[in-house]
Amino acid sequence: MKQISIALAQPGMILAKPIKRGSDGPVLIGEGTELTEALLERLDRMGVDMIAVRTVEGAAEAEAARVFKDRLERLDHLFRQQADDRFTTKAKVLIREYLKRKIAEGEGC
Amino acid sequence: MGTEEHKRSLLSIRDLPTLPSVLDEITRLVDDPDSSTEQIAHVITRDQALSAKVLKMVNSPIYGFPGRISSVHHALVLLGLNVIRGIIISTTVFEMMIQSMTGLWAHSLGCAMTCTTLAKTAGLKDPEEYAVAGLLHDIGKVVVAVQLPEQVERIEQTVAERDIPYLSAEKEVLGFGHDRINGWLADHWNLPLNLKEGITFHHAPAKAAHYPRMAAVAHLSNFFVHFFEYGESGYDAVPRLESKALELLGFTLADVEKILDKLVVEFDALEDVSFS
């Protein structure tokens, strides 16, 4: 997802976060709503200036995050024959760090 | 049966997967200095099913061309004869087994795609030629399944009961592994030497005398495909990673990260393609 100015918002984009009245108020427009011309005008009248929209990469990121978590869970099983091989074990350690970092990065955005 | 008999029954020409006669015709044309790529393309195009398969493969994420390749002739010009030949051989051989061995076919496609990625990342010339080694690196397993089906059961049983790699089980049951079978098949089918070495030494790339980089690409691809568990090779564990394979391609362990970055995206794209 990314935060964009309402001026850059286009019909067809999908809200990645709900729009609320105030910071803690009731939800006015739900997450996942597709933006339309009419809705954008309404947001503009309401004085909303920044909105969070889903990005196409967002979908790819979610898929990648699932793959990273899945691979991390399978890592010990997949390397079970190579415990005695120093080089392959070095690769395993590096891959484990890589996967953990990718998962952490994914959760950060 | 002993090792020698196993080898003999494997290579008994009578039952060995026969390759389309198109390939013989192509070989003749290639040897003829007066022939053109148009003529070669024409020979392939006569077989509509085969042309369709070739075009499907060359337009898949395995080769990663941005535009659509719409004719066999265009494919030949872009990818070269060795690539097209490899595609014809692998689709033909796997076709006989596609019902029972869809997992191995998927594993081979994943390996082919990874070969292209690695060859491009390493900056090798003609990266698409490496994909053929990926497609064919386990072809020996297919031929064992065709020629010695009862031995495949014993191999699979050995793997399951003792949790040992498929290659080790093959050596116990047959007296040799699919890597050696690949070498015999390469001779039998007159495959080019780079491809022969690529598929024969994908478990031991340093042993390839002339084309160690082809073997190194196949070796690393096999490792990564096992890591992603794309398709099924017969054993769910990564093979030993040879440091020499990385070295041969000018990679260090640190490069594994950038390779994984690319492969995560590409395997996702490959999932969406159906080859059956």
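**Figure 1. A:Asp76 and the salt bridge it makes inside chain A.** In this predicted model, A:Asp76 counts as partly exposed, because its relative accessibility is 44%. Its salt-bridge partner is A:Arg96, and the closest N and O atoms of the two sit 3.0 Å apart. What does this pair tie together? A:Asp76 lies in helix α2 of chain A and A:Arg96 in helix α3 of chain A, so the bridge joins parts that are 20 residues apart in sequence. Like A:Asp76, which is partly exposed, A:Arg96 is partly exposed, with a relative accessible area of 23%. To be called buried, A:Arg96 would have to be under 20%.

**Figure 2. Where chain A meets chain B.** Here we look at the contact between the chains: 24 residues of chain A touch 26 residues of chain B. Putting the two together buries about 2100 Å², and carbon and sulfur atoms give 63% of that area. There's plenty of polar company too, with 16 residue pairs in polar contact across the interface. On the chain A side, the elements that give two or more residues are α2 (56-78) and α3 (86-108). Which of the elements gives the most? That's α3(A), with 10 residues. Sorted by class, this side of chain A has 12 nonpolar, four polar and eight charged residues.

**Figure 3. Charged partners across the interface.** How many salt bridges cross between chain A and chain B? The rule finds eight of them. One to zoom in on is the bridge between B:Asp163 and A:Arg80, where the closest N and O atoms are 2.8 Å apart. Both of these residues belong to a wider network of salt bridges, which also links A:Asp70, A:Arg71, A:Arg74, B:Glu229 and B:Asp236. If you search the whole structure, over all chains, the count of salt bridges comes to 22.

**Figure 4. Two salt bridges within chain B.** Start with B:Lys53 and B:Glu95, a salt bridge whose closest N and O atoms are 3.0 Å apart. This pair links distant parts of the chain: B:Lys53 is in helix α4 (residues 48-58), B:Glu95 is in helix α6 (residues 81-95), and they are 42 residues apart. Buried or partly exposed: which word fits B:Lys53? Partly exposed, because its relative accessible area is 26%. B:Glu95 counts as partly exposed as well, at 43% relative accessibility. Now shift to B:Asp126 and B:Lys125, another salt bridge, with the closest N and O atoms 3.6 Å apart. B:Asp126 is partly exposed, with a relative accessible area of 40%, while B:Lys125 counts as exposed at 69%.

**Figure 5. Helix α12 of chain B, mostly covered.** Out of the 11 residues in this helix (residues 178-188), eight are buried. Who are they? The buried set is B:His178, B:Asp179, B:Ile181, B:Asn182, B:Gly183, B:Trp184, B:Leu185 and B:Ala186. What do these buried residues pack against? Their neighbours in chain B are α1 (3-11), α8 (128-136), α9 (139-147), α11 (166-174) and α13. After the helix comes B:Asn190, whose phi is positive, near 55°.

**Figure 6. B:Thr200, tucked into chain B.** This residue is found in helix α13 (residues 193-200) of chain B. Is B:Thr200 buried or exposed? It counts as buried, because its relative accessibility is 13% and the cut-off for buried is under 20%. The side chain of B:Thr200 reaches back to the backbone oxygen of B:Lys196, at 2.5 Å. Those two are four places apart in the numbering; in an α-helix there are 3.6 residues a turn, so residues three or four places apart point the same way. Setting aside neighbours within four places in sequence, B:Thr200 is in contact with B:Asp179, B:Asn182 and B:Gly183. You've met those residues already: B:Asp179, B:Asn182 and B:Gly183 are among the buried residues of α12(B).

**Figure 7. Stepping back to chain B as a whole.** Chain B is built with 16 helices and zero strands. Its radius of gyration is 18 Å, close to the 19 Å that the globule rule gives for 276 residues, so chain B is as compact as a globular protein of that length. Along its principal axes, the C-alpha trace spans about 55 × 50 × 35 Å. Buried residues make up 55% of the chain. Among contacts with a separation of 6 or more, 65% come from residues 24 or more positions apart.

Methods: Residues numbered from 1 in each chain as written. Chains lettered and ligands numbered in written order. Predicted model: local features only at pLDDT ≥ 70, side-chain atom pairs only at ≥ 80, totals over all residues. Heavy atoms only, no water. Helix = DSSP H or I, 4+ residues; strand = E, 2+ residues; numbered from the N terminus. Buried < 20%, exposed > 50% of the residue type's maximum accessible area, 1.4 Å probe, protein only. Polar contact = N/O pair within 3.5 Å; in protein donor to acceptor, adjacent residues only side chain to side chain. Contact = heavy atoms within 4.5 Å. Buried area = accessible area lost by both parts, 1.4 Å probe. Salt bridge = Lys/Arg side-chain N within 4 Å of Asp/Glu carboxyl O. Nonpolar A, V, L, I, M, F, W, Y, C, P; charged D, E, K, R; others polar. Rg over C-alpha atoms; globule rule 2.2 N^0.38 Å.
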